Structures are given as C-alpha cells and as structure tokens.
Amino acid sequence: MPFEKVERDEALVSSESKRSPARPPNTYERLFQPCLGEFVGTTFFVFIGCVSVIENVESAGRLQPALAHGLALAVMAACMAEISGSHFNPSFTLAICLCGGMEMVMVVPYLVSQLLGGLLGAALAKGMTSRENYAKAHGAAFALLQSDSEIGGAVLGEITMTCLFTVVLLLGAVNAKTRSPLVPFMVGCALLVNILAGGDISGACLNPARAFGPAVLSNYWTYHWVYWVGPIAGGLIAAALVRLLLGDRKLRLILK
C-alpha cells in the first residue's frame, strides 16, 4: 500500500536523522597519530629513494631515482593524507604552517618525526643493499658537489626547485580556490620532473630529511648545509608567494 511505503520511508528518514554526529578526534588521533604518520611516510620515502640511488643502473641515468622518488612520494602522500597531511619534508611543514594549514604547536613534533623517519629509512636502505654499492654511492647522501665553484648553482637550484615543489603542494592542498584531490599525484610529478631537470646540478634533494638520514649513516657531510639552506629558503619563498599573491582572498595577506 502507498501509505505503508510512506510510513517505511518516514521511519528510514527518522532513523537516519537520529544517527549520532561524527565523534571528534581524540588525543591520540589529534597529536600522536599525525606524528606517527609523518615518521612512517618519511621512512618509506627515504628508504625507496636511497635504494634507488644506491642500486641505480648506470644505463638508466637519472630516470630510475626520479621515478622511484616521485612515485614513492605520490603513493605515501595518498595513503597518509588524512592522517598527517603527508608532509614528509621539513620545508613543506614550515611553508604549510606559514600558510595557516596546521597548528604551530605541531611544527616541532613533525620536524622531529621527519628527521627520525629519514634516519630509519636510510638505515633500512643500508641494511638491504650491497656494501660495495653502498660505499660507491655514499649511502645515497648527496655527494655530487665537489668544489666551491659549484655551490652557487646548486644553492640556486635547490631554492628554485623547492619553491616550485612547494607551490604545487600549497596550491593543491592548502589554498581553497585551487585545492585538488589529485595533489599526491601532482606533488609526486613535481618531484620527478625536478630530479630529471636538476639532478646533475645539485642532486635535487629538496628535502632536508632526505639529506639528513643518509648523511648520518654514511658520515658524509661535504656541503651538507646546501640541502638545508636551499630547500628551506625555497619553501619560505613559496609560502610568501601564496600568502601575498597567489592565494585566494582568505589566504592572501594583501590585495584583498
């Protein structure tokens, strides 16, 4: 009967309306789980990146590490996006904080988690690769720079490439007007093309956590500062671009 159908529909609507609202995140989900997500994500990203460099096939050139880094970042970013935001990079964390994408109280825990993840990832890479290849590649530490004459181009490259890398992240994940569900793929592609373009100039690190772990495990510190100064400066410039010029009206600080 039609009346019976109406009653059933009303009962259905009534039961749906009585469903309890979504439970707010507890302390573990709000504070500890995001840090764990950053630790795990950075661990696997650095692990894959280091192994791809240590066991790089000479005939593949930059393509092998570029694909490995880019795809590893895209996969881990997609998996961890709803847990931690998928930073895996101190430069990203600073830029996202400056753009209002995270609470300031979480910045230091995120940075510590990323650096520890970088150490574990580098240790796992050392444990599974051959001693000969590991020594030859300096444990996938950035050993490309050998003279002071190369420093200027390397620093400029790290700044510029990290700026591009970070702008993609900020516009794809933080800026409401341009936010996209494809941001893990976009960020992975940005890393891939940067390594293909600038890998022979600076190594295209773009991430202090990626540089730190292998440097500690292989005790290789030659020009290591380049891979902190360049990426952090590039991330700060990207944050300034989005905050001042490229962001939507809510995010921009000027020209509203």
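This is a chat about salt bridges and a nonpolar surface patch in a predicted model.

Reader: How many salt bridges does the structure hold?
Author: Two salt bridges, and keep in mind that they come from a predicted model.

Reader: OK, which residue does Arg-23 pair with?
Author: Arg-23 pairs with Glu-29, and their closest N and O atoms are 3.5 Å apart.

Reader: Is Arg-23 buried or exposed?
Author: Arg-23 is exposed, at 59% relative accessible area. Its partner Glu-29 counts as partly exposed, at 29%.

Reader: And what does Asp-200 form a salt bridge with?
Author: That one is Arg-62, with 3.4 Å between the closest N and O atoms. Asp-200 sits in the loop between α8 (183–198) and α9 (208–218), while Arg-62 sits in the loop between α2 (27–54) and α3 (63–80), so the salt bridge ties together parts 138 residues apart in sequence.

Reader: How exposed is Asp-200?
Author: Asp-200 has a relative accessible area of 55%, which makes it exposed. Arg-62 is partly exposed, at 32%.

Reader: Why can side chains of opposite charge pair at all?
Author: They can do so when their charged atoms come close.

Reader: Switching topic: which residues form the nonpolar patch on the surface?
Author: Ile-237, Leu-241, Leu-244, Leu-245, Leu-246, Leu-253, Ile-254 and Leu-255. Together they have about 720 Å² of accessible area.

Reader: Where is Ile-254 in all that?
Author: Ile-254 is in the segment after α10 (226–246). Ile-254 is partly exposed, with 39% relative accessible area.

Note on methods. Residues numbered from 1 in each chain as written. Predicted model: local features only at pLDDT ≥ 70, side-chain atom pairs only at ≥ 80, totals over all residues. Heavy atoms only, no water. Salt bridge = Lys/Arg side-chain N within 4 Å of Asp/Glu carboxyl O. Buried < 20%, exposed > 50% of the residue type's maximum accessible area, 1.4 Å probe, protein only. Helix = DSSP H or I, 4+ residues; strand = E, 2+ residues; numbered from the N terminus. Patch = residues over 30% accessible without salt bridge, like charges linked within 9 Å, V, L, I, M, F, W, Y side chains within 5 Å. Areas by Shrake-Rupley, 256 points an atom, 1.4 Å probe, with all protein chains shown as cover.
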